[in-house]
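Work through the exercises below with the sequence and the model side by side. Try each task before reading its solution.

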Amino acid sequence: ELAVRYYCRFASMVITNVIVNEKPVYIAGSHLKEMQFWVPSAGGIGVGVSILSYMGGITVCLVADEKQVPDLPILLRCFQEEWTDMKRVIPAPASPISPSTDGGMSSPVSS
């Protein structure tokens, strides 16, 4: 807790990139098709962005404190616009994983 309080004095945002296996992961014999995670909200960090790569796909999750980021809809729209631009520039993998219902960007926003 002391370390969290100390480092949070110097940060307002956390961004993390996790690269998971390129091979399928199984839990209790079931194939895990997609993964996502959120950056923990601790110590007053206002925005967390988690990027996860798994089996040739990518998931981006955005978590924000609406008290610290009053323009959440604008922030989310900016992320979605950049995501769309990146998908236009970066070629799709040769054998894509079935797409998620939100176009590959998971973006829950919480307070």
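Helices (H or I, at least four residues) and strands (E, at least two) are DSSP runs, numbered from the N terminus. The model is a predicted one, in which local features need pLDDT of at least 70 and side-chain atom pairs count only at pLDDT 80 or more, while totals for chains, interfaces and linings use all residues. Residues are numbered from 1 along each chain as its sequence is written, and side-chain values use heavy atoms, with hydrogens and water left out.

**Exercise 1. The chain as a whole**

Task: State how many helices and strands the chain has, and give the pattern that they follow along the sequence.

Solution: Begin with the count, which comes to two helices and five strands. Then read along the sequence, where the elements appear in the pattern α-β-β-β-β-β-α. Turning to burial (buried means under 20% relative accessible area, exposed over 50%, partly exposed in between, with a 1.4 Å probe and protein chains only), 25% of the 111 residues in the chain are buried. Finally, take contacts, meaning heavy atoms within 4.5 Å: among those between residues at least 6 apart in sequence, 58% join residues at least 24 apart.

**Exercise 2. Strands 4 and 5**

Task: Describe how strand 4 and strand 5 pair, and determine how many residues of strand 5 are buried.

Solution: Two strands pair if DSSP finds at least two bridges between them. Strand 4 and strand 5 are joined by eight bridges in the antiparallel sense, and one of the bridge partners to locate is Val-60 in strand 5, which is matched with Ile-51. The two strands form a hairpin with two residues between them. Next, count the burial: six of the eight residues of strand 5 are buried, so this strand is largely enclosed by the rest of the structure.

**Exercise 3. Ser-53 and Thr-59**

Task: For Ser-53 and Thr-59, decide whether each is buried or exposed, and find what surrounds them.

Solution: Start with Ser-53, which lies in strand 4 (residues 47-54) and counts as buried because its relative accessible area is 15%. Setting aside residues up to four places away in sequence, Ser-53 touches Asn-17, Val-18, Ile-19, Val-20 and Ile-58. Thr-59, in strand 5 (residues 57-64), is likewise buried, with a relative accessible area of 15%. A polar atom of the Thr-59 side chain lies 3.4 Å from the backbone oxygen of Met-35.

**Exercise 4. Two residues with positive phi**

Task: Compare the surroundings of Ala-28 and Met-55: which one is buried and which one is exposed?

Solution: Ala-28 sits in the loop between strand 2 (25-27) and strand 3, and its phi is near 50 degrees, a positive value in a residue other than glycine. Ala-28 is exposed, because its relative accessible area is 82%. Met-55 belongs to the loop between strand 4 and strand 5, and its phi is also positive, near 50 degrees. Met-55, however, is buried, with a relative accessible area of 15%.

**Exercise 5. His-31**

Task: Which residues is His-31 in contact with, leaving aside its neighbours within four places in sequence?

Solution: First place His-31 in strand 3 (residues 30-32), and note that His-31 is partly exposed, because its relative accessible area is 33%. Then list the partners, which are Pro-24, Val-25, Tyr-26, Tyr-54 and Met-55. Met-55 thus returns here as a contact of His-31, having appeared above as a buried residue.

Terms used:
A polar contact is a pair of N or O atoms within 3.5 Å; within protein, one must be able to donate a hydrogen and the other to accept it, and residues adjacent in sequence count only if both atoms are side-chain atoms.
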